[in-house]
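Please take a moment to turn the model before reading on. Where might one begin, and which path through the chain makes the picture easiest to build?

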Amino acid sequence: MYFETERLVARQLEQKDFDEFNEMQGNSKVMKYTVGRAKTREENKSEFENIISGYFLSETNRIVMGISRKSDETSSLVGACAVEKLDLECVEVGYRFLEKYWGNGFGLEVLEGLLTYSLLELGAKEVIAEVYKENINSVRVLEKSYMDFIKEYTEEKSIVQVYGLKK
């Protein structure tokens, strides 16, 4: 386990999580603001296996975690989150959930867990998150969090907003 919140646990992904992972990554609504399209089962299988094999590396710049509800005895996957080291002092965080779990307040809860984990456990001095401006729900989560708006920039045809928190 990486961290826990009031209702959720961030843990390593396991083979039993693949069907939910595939459902999440294969949903065009979930993936709209990431890669812009649903991923195929083959793409998801490859990515999933790479994530799991990454847990056994001694050094990695990216940690992908599965998210489960504490109340769920089967520890079914409800989403995933990640921390990526950008340099020695700064990390970027992100998360996504299966569509059926949207609207439960899990985004803010996981984001706060990621912030605490990054600053206290990983020793980061700064945590950032990037979001497409048109992804209104994620923008709202970031605005409710402890993170501050830093800047925005244009990427292809979208505006990206950057939020950050310094230790």
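**From one bridge to the whole sheet**

In strand 2, V9 is the bridge partner of E4; helices (H or I, at least four residues) and strands (E, at least two) are DSSP runs, numbered from the N terminus. The model shown here is predicted, and local features therefore need pLDDT of at least 70, while side-chain atom pairs count only at pLDDT 80 or more and totals for chains, interfaces and linings use all residues. Residues are numbered from 1 along each chain as its sequence is written, and side-chain values use heavy atoms, with hydrogens and water left out.

The bridge between E4 and V9 belongs to a pair of strands, since strand 1 (residues 3-4) and strand 2 are joined by two bridges in the antiparallel sense (two strands pair if DSSP finds at least two bridges between them). Strand 1 and strand 2 make a hairpin, with three residues between them. T5 is found in the loop that links strand 1 to strand 2. Is T5 buried or exposed? T5 counts as buried because its relative accessibility is 11%, where buried means under 20% relative accessible area, exposed over 50%, and partly exposed in between (1.4 Å probe, protein chains only). Setting aside residues up to four places away in sequence, T5 touches K70, E109 and G113, contact meaning heavy atoms within 4.5 Å.

The side chains of strand 2 can be followed one by one along residues 8-11: L8 and A10 point one way, V9 and R11 point the other way, and all are buried. In a regular strand the side chains alternate between the two faces of the sheet. On from here comes the next neighbour, for strand 2 pairs with strand 3 (residues 62-69) in the antiparallel sense over four bridges, and the partner of A10 in strand 3 is I67.

With these pairs in mind, the whole sheet can be laid out. The sheet is open, has eight strands in the order 1-2-3-4-5-6-8-7, and shows mixed pairing. Which strands stand at the edges? They are strand 1 and strand 7 (148-155), and because each has a single partner strand, one side of each is left without a neighbour in the sheet. Further in, seven bridges join strand 3 to strand 4 (residues 77-85), and the two strands run antiparallel; in this pair, the bridge partner of V64 in strand 4 is A82. Packed on the sheet is helix 4 (residues 106-121), which touches strand 1, strand 2, strand 3, strand 4, strand 5 (90-97), strand 6 (126-132) and strand 8 (158-166).

Two residues within the strands, and one in a loop, let the reader look at this arrangement in finer detail. V78 has its place in strand 4 and counts as buried because its relative accessibility is 0%. Although V78 and L8 are 70 residues apart in sequence, the distance between their C-alpha atoms is 9.3 Å. The contacts of V78, not counting residues up to four places away in sequence, take in L8 together with I67, S68, R69, F97, L98 and Y101. Among these partners, L8 is one of the buried residues of strand 2, and I67 is the bridge partner of A10.

The second residue, Y132, lies in strand 6, and its relative accessible area of 18% is why Y132 is called buried. Y132 and Y33 are separated by 99 residues in sequence, yet by 6.7 Å in space, C-alpha to C-alpha. Once its neighbours within four places in sequence are left aside, Y132 is in contact with Y33, V139, E155, S158, I159 and V160.

The loop residue is E156, which is found between strand 7 and strand 8. Unlike the buried residues described above, E156 is exposed, because its relative accessible area is 78%. The backbone of E156 also deserves a look, as its phi is near 55°, a positive value in a residue other than glycine. Most residues other than glycine have a negative phi.

Definitions and conventions:
Axes fitted to C-alpha atoms, helices over the stretch in contact; angles between N-to-C directions.
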